[in-house]
Amino acid sequence: MYRDPVESLEPLHHRHAAIRTLRVGMIGIGTVGSGTFRVLARNRADIAARAGRSIELVMVAARNLERAAGVVGDSVALTADAMQVATHPDVDVVVEVAGGTGPARDWVLAAIAHGKHVVTANKALLAVYGAEIFAAAREKGVIVAYEGAVAVSIPIIKALREGLAANRIEWVAGIINGTTNFILSKMRDEGLDFAAALAQAQALGYAEADPSFDIEGIDAAHKLTLLAANAFGMPLRFADAQVEGITALQGVDVACAEQMGYRIKLLGVARRQAAGVELRVQPVLVPATHLMAQVSGSMNAVMVKSDAAGLTMYYGAGAGSEQTASAVIADLVDVARLDGVHAAQHVPHLGVHAHATNALAVLPRAAVHTSHYLRVPVHAVNQIQAVAASLAEQKVPVRQVALAAERPGTGPQVLVLTGPVEQGTLDLAVHALQARAEVAGAVTTLRVESLEG
Ligand code: HSE
């Protein structure tokens, strides 16, 4: 008498699966955590097939245990002590989706010290404390994965580290904050005011706990810091980034940009120059016909210019519960496949191995080289040429000059598009222009990005 091979294999398969299940401990069960729980449960079999083993959420730390139980039911152990999850022997990988930088740093470092892999969507944590966290992870031979930290649903970290691994990256530029893109779109398309648009973004769960991180450009700068480190193999240089949000942006400039054939977007740009890297977040004009100008609502898009692949562009949801969960779980699948593999075989945390990290400097603002838009209030429409002449005298290449369409309550305004010029040169020229008798008010300047070659 012998057992049917299927029957005899089944218990073995079960035993095998039980041994090799990747056990996940999660810190935080808010927007991202609950999405991760749902998607893990819904797509369990497919995820296990892709990971080569099953992935089980075994423990969750939450501030409000009752609310957490409402999400995960009784299938998962619950604790109010995040450190318990970070250090528990039954946890193989810690998913940190609580946000913030204080306690999160301690939890992540504790998890690493206990030999656990970490998956996080916490861009602020990595942009600010990444050097310390990645060094600790390298030392321990564990993985810190963070696809969900940048442009959530777009696998841009994977694209830079793996898909474009053959390339020398020249620049990365993108709309990498969903909240501000949502606000700009609502203001432009529906005439909503800033506060109402922000309130909607908050209600939809797009905004950070502190929405000033979104509207002041800080969140985008966190993400840009991670993108630049991956693209150029440079250290995380968040503190050196130039950061400007959308709070000072005026509706009149949105309208004048449209008149000139452009649309204003909050863009993060990391561009390699001979002397260093431009690392900047700011509202810029992009040609209205460019794909980047069509990215609206909470969507994100990232363009990469590299020497072999050329221009590539990636588009997807920039915020949202399951959209972020998609990236978090993709990281878990990577961890499941690489857990137990020698650390030298892991894809490096920042796109390059520590010894290859080059010390590219972040360029000062004055060295940033772009075209610009200027709006210059004047006393009379015939002063348009005086404005152009003044800029040309100061070595600013003037490409286009026009009068802004008349608006009730405002005097004549000259609109200028320049050719590429160093910010330092432009600043001096604007200073000189501002002092001219023809100029009737503050000159506004915004960068223009062609997003070509
Ligand atoms: N507050 C962020 C955004 C969430 O609006 O893009 C996703 O990182």
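The exercises below concern the ligand site, the empty spaces and the sheet of a predicted model.

Local features of this predicted model need pLDDT of at least 70 and side-chain atom pairs count only at pLDDT 80 or more, while totals for chains, interfaces and linings use all residues. Residues are numbered from 1 along each chain as its sequence is written, and side-chain values use heavy atoms, with hydrogens and water left out.

**Exercise 1. The ligand site**

Task: State which residues are around the ligand, and describe the polar side-chain atoms of K123, E208 and K223 in relation to the ligand.

Solution.

Step 1. A residue counts as near the ligand if one of its heavy atoms lies within 4 Å of it. The residues around the ligand are K123, N177, G178, T179, Y206, A207, E208, D214, D219, K223, G318 and A319.

Step 2. By class, this shell has 3 nonpolar, 4 polar and 5 charged residues. Here Ala, Val, Leu, Ile, Met, Phe, Trp, Tyr, Cys and Pro count as nonpolar, Asp, Glu, Lys and Arg as charged, and the others, Gly among them, as polar.

Step 3. Helices α9 (178-190) and α12 (218-232) each supply at least two residues of the shell. Helices (H or I, at least four residues) and strands (E, at least two) are DSSP runs, numbered from the N terminus.

Step 4. A polar contact is a pair of N or O atoms within 3.5 Å; within protein, one must be able to donate a hydrogen and the other to accept it, and residues adjacent in sequence count only if both atoms are side-chain atoms. A polar side-chain atom of K123 lies 2.6 Å from an oxygen atom of the ligand. For E208, an N or O atom of the side chain is 2.6 Å from a nitrogen atom of the ligand. A polar side-chain atom of K223 is 2.9 Å from a ligand oxygen atom.

Step 5. On its own, the ligand has 250 Å² of accessible area, and the protein covers 94% of this. Accessible areas come from the Shrake-Rupley method with a 1.4 Å probe; for residues, only the protein chains shown count as cover.

**Exercise 2. Empty spaces**

Task: Determine how many cavities of 30 Å³ or more the structure holds, and state which residues line the largest cavity.

Solution.

Step 1. On a 1 Å grid over the protein atoms alone, a cavity is a set of points where a 1.4 Å probe fits but cannot get out, and a pocket is an open set with protein on both sides within 12 Å along at least five of seven lines; lining residues have an atom within 4 Å of a point. Grid points are joined across faces, edges and corners, and a volume is the space filled by probe spheres set on the points.

Step 2. The structure holds 2 cavities of 30 Å³ or more. The largest cavity contains about 90 Å³ of space, and its lining consists of I143, V144, A145, R161, D331, D334, L338, V347 and H349. Helix α14 gives the most to this lining, with 3 residues.

Step 3. The second largest cavity has a volume of about 40 Å³. Its largest share of lining, 3 residues, comes from helix α3 (residues 44-51).

Step 4. The second largest pocket has a volume of about 270 Å³. Of its 18 lining residues, the closest to its centre are L184, S185, M187, R188 and V254. Helix α9 supplies the largest share of this lining, 5 residues.

**Exercise 3. The sheet**

Task: Give the order of the 6 strands in the open sheet.

Solution.

Step 1. Two strands pair if DSSP finds at least two bridges between them. The order is β3-β2-β1-β4-β5-β6, with parallel pairing.

Step 2. The edge strands, each pairing on one side only, are β3 (77-79) and β6.

Step 3. Strands β1 (residues 22-27) and β4 (residues 93-96) pair in the parallel sense over 4 bridges. The bridge partner of V24 in β4 is V93.
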